[in-house]
Amino acid sequence: MRSCGECTACCGPSSMASPMFAAGKRCQHATSAGCGIYDERPEGCRTFRCTWLDTPELDEGMRPDRCGFILRPLHQLEAGTWGFEFTELPRGADSLQLRLAVAGLIGTFLDHRADARLHLQLAPWAQATSGRGGQVISRSRAEWQATVAELEEPNPLTVWGVLANTVVDAWGPALAPRRKAPVKPPRTKAKKRRR
């Protein structure tokens, strides 16, 4: 079974934040090494499970603190709807990892959920902190496939890969740009003057 390790992505602020840090702030107990009160953490923290924790098929790059978003299943949806929410983290989501996650969900859906709807919801950073709902794409199998048929020049990716690109591109304007760490100039040793 996986453990969170150093990841504290769900320690706020996010759309699933507890009252401890619901006001757009991180939990005071979150440290660079993980939760500072892990053994005594609140019940809401104990019961929360992101999809990465419960899905061994997702690689290490999909850990929330590495990919820039938290993926979790949505349970309170109409019958026959299979849904997931992507909650973006403050630094912005990694576009490639986001596309891979969406592609994986669409591929699984098309292979195994023919009679259902796939509901994908993005909670961008600005919306996650305000508590408002995110951008939603919800389609049946036929509607997802129709999206591919509408493309003028379908690329050589698999069908679900093409669909993932259309989803993330539609979300694009809502995604925060990745914040790159400032590049420090290399230190140069001062040359000693000869006398």
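**Exercise 1. The hairpin of S3 and S4**

In the hairpin of S3 and S4, which residue takes a positive phi? Identify this residue, then describe how the two strands are paired.

*Solution.* The model examined here is a predicted one.

Step 1. Gly-80 is the residue in question, with a positive phi near 85°. The hairpin has six residues between its strands.

Step 2. Strands S3 and S4 run antiparallel and are joined by six bridges.

Step 3. An example of the register is given by Leu-71, which stands opposite Phe-86 in S4.

**Exercise 2. The surroundings of strand S4**

Determine whether the two faces of S4 are covered or open, and state what this implies for the strand.

*Solution.*

Step 1. In a regular strand, side chains alternate between the two faces of the sheet. The residues are therefore examined as two sets, one for each side.

Step 2. On one side lie Thr-81, Gly-83, Glu-85 and Thr-87, and these are all buried.

Step 3. On the other side lie Trp-82, Phe-84, Phe-86 and Glu-88, which are likewise all buried. Both faces of S4 are thus covered.

Step 4. Since eight of the eight residues in S4 (residues 81-88) are buried, the strand is largely enclosed by the rest of the structure.

**Exercise 3. From S4 to S5 and S6**

Trace the strand pairing from S4 through S5 to S6, giving the sense of each pairing and examples of facing residues.

*Solution.*

Step 1. S4 and strand S5 (residues 117-123) run parallel, with seven bridges between them.

Step 2. Two pairs illustrate this contact: Phe-86 stands opposite Leu-122 in S5, and Gly-83 has His-119 as its bridge partner in S5.

Step 3. Phe-86 appears in both pairings of S4, as it faces Leu-71 and also Leu-122.

Step 4. Helix H4 (residues 95-112) belongs with these two parallel strands: S4, H4 and S5 make a right-handed β-α-β unit.

Step 5. S5 pairs with strand S6 (residues 135-140) in the antiparallel sense, over six bridges. Here Leu-118 stands opposite Arg-139 in S6.

Step 6. S5 is mostly covered, with six of its seven residues buried.

**Exercise 4. Cysteines and disulfides**

How many disulfides does the model contain? Examine Cys-7 and Cys-50 in turn.

*Solution.*

Step 1. The count comes to zero disulfides.

Step 2. Cys-7 is in no disulfide; the nearest cysteine sulfur belongs to Cys-4 and lies 6.5 Å away.

Step 3. For Cys-50, the closest cysteine sulfur is that of Cys-7, at 6.7 Å, which is too far for a bond. The cut-off applied to a pair of sulfur atoms is 2.5 Å.

Step 4. Cys-7 counts as buried because its relative accessibility is 13%. Cys-50 is also buried, with a relative accessible area of 7%. The cut-off for burial is under 20%.

**Exercise 5. The largest cavity**

Which elements supply the lining of the largest cavity, and what is its composition by class?

*Solution.*

Step 1. There is one cavity of 30 Å³ or more. The space within the largest cavity is about 40 Å³.

Step 2. Its lining includes Cys-50, Trp-52, Met-62, Phe-69 and Leu-71. Of these, Cys-50 was found buried in Exercise 4.

Step 3. Helix H2 (51-54), helix H3 (64-67) and strand S3 (69-74) each supply at least two lining residues. S3 gives the largest share, three residues.

Step 4. By class, the lining has nine nonpolar residues, one polar residue and no charged residues.

**Exercise 6. Two pockets**

Describe the largest and the second largest pocket by volume, lining and class of residue.

*Solution.*

Step 1. The largest pocket has a volume of about 470 Å³. Strand S2 (34-35), helix H1 (43-47) and H2 each give two or more residues to its lining.

Step 2. Of the 27 residues that line the largest pocket, Cys-4, Cys-7, Cys-10, Tyr-38 and Cys-45 lie nearest its centre. The lining comprises 18 nonpolar, five polar and four charged residues.

Step 3. The second largest pocket has a volume of about 350 Å³. H2, S3 and H4 are the elements that give two or more residues to its lining, and H4 provides the largest share, five residues.

Step 4. The second largest pocket is lined by 17 residues, with Thr-51, Thr-55, Glu-57, Leu-58 and Leu-105 nearest its centre. Nine of the lining residues are nonpolar, four are polar and four are charged.

Note on methods:
Residues numbered from 1 in each chain as written. Predicted model: local features only at pLDDT ≥ 70, side-chain atom pairs only at ≥ 80, totals over all residues. Heavy atoms only, no water. 1 Å grid on protein atoms, 1.4 Å probe; cavity = no way out; pocket = protein on both sides within 12 Å on 5 of 7 lines; lining within 4 Å. Points joined across faces, edges and corners; volume = space filled by probe spheres on them. Helix = DSSP H or I, 4+ residues; strand = E, 2+ residues; numbered from the N terminus. Nonpolar A, V, L, I, M, F, W, Y, C, P; charged D, E, K, R; others polar. Buried < 20%, exposed > 50% of the residue type's maximum accessible area, 1.4 Å probe, protein only. Pairing = 2+ DSSP bridges. Right-handed = clockwise from strand over helix to strand, strands pointing away.
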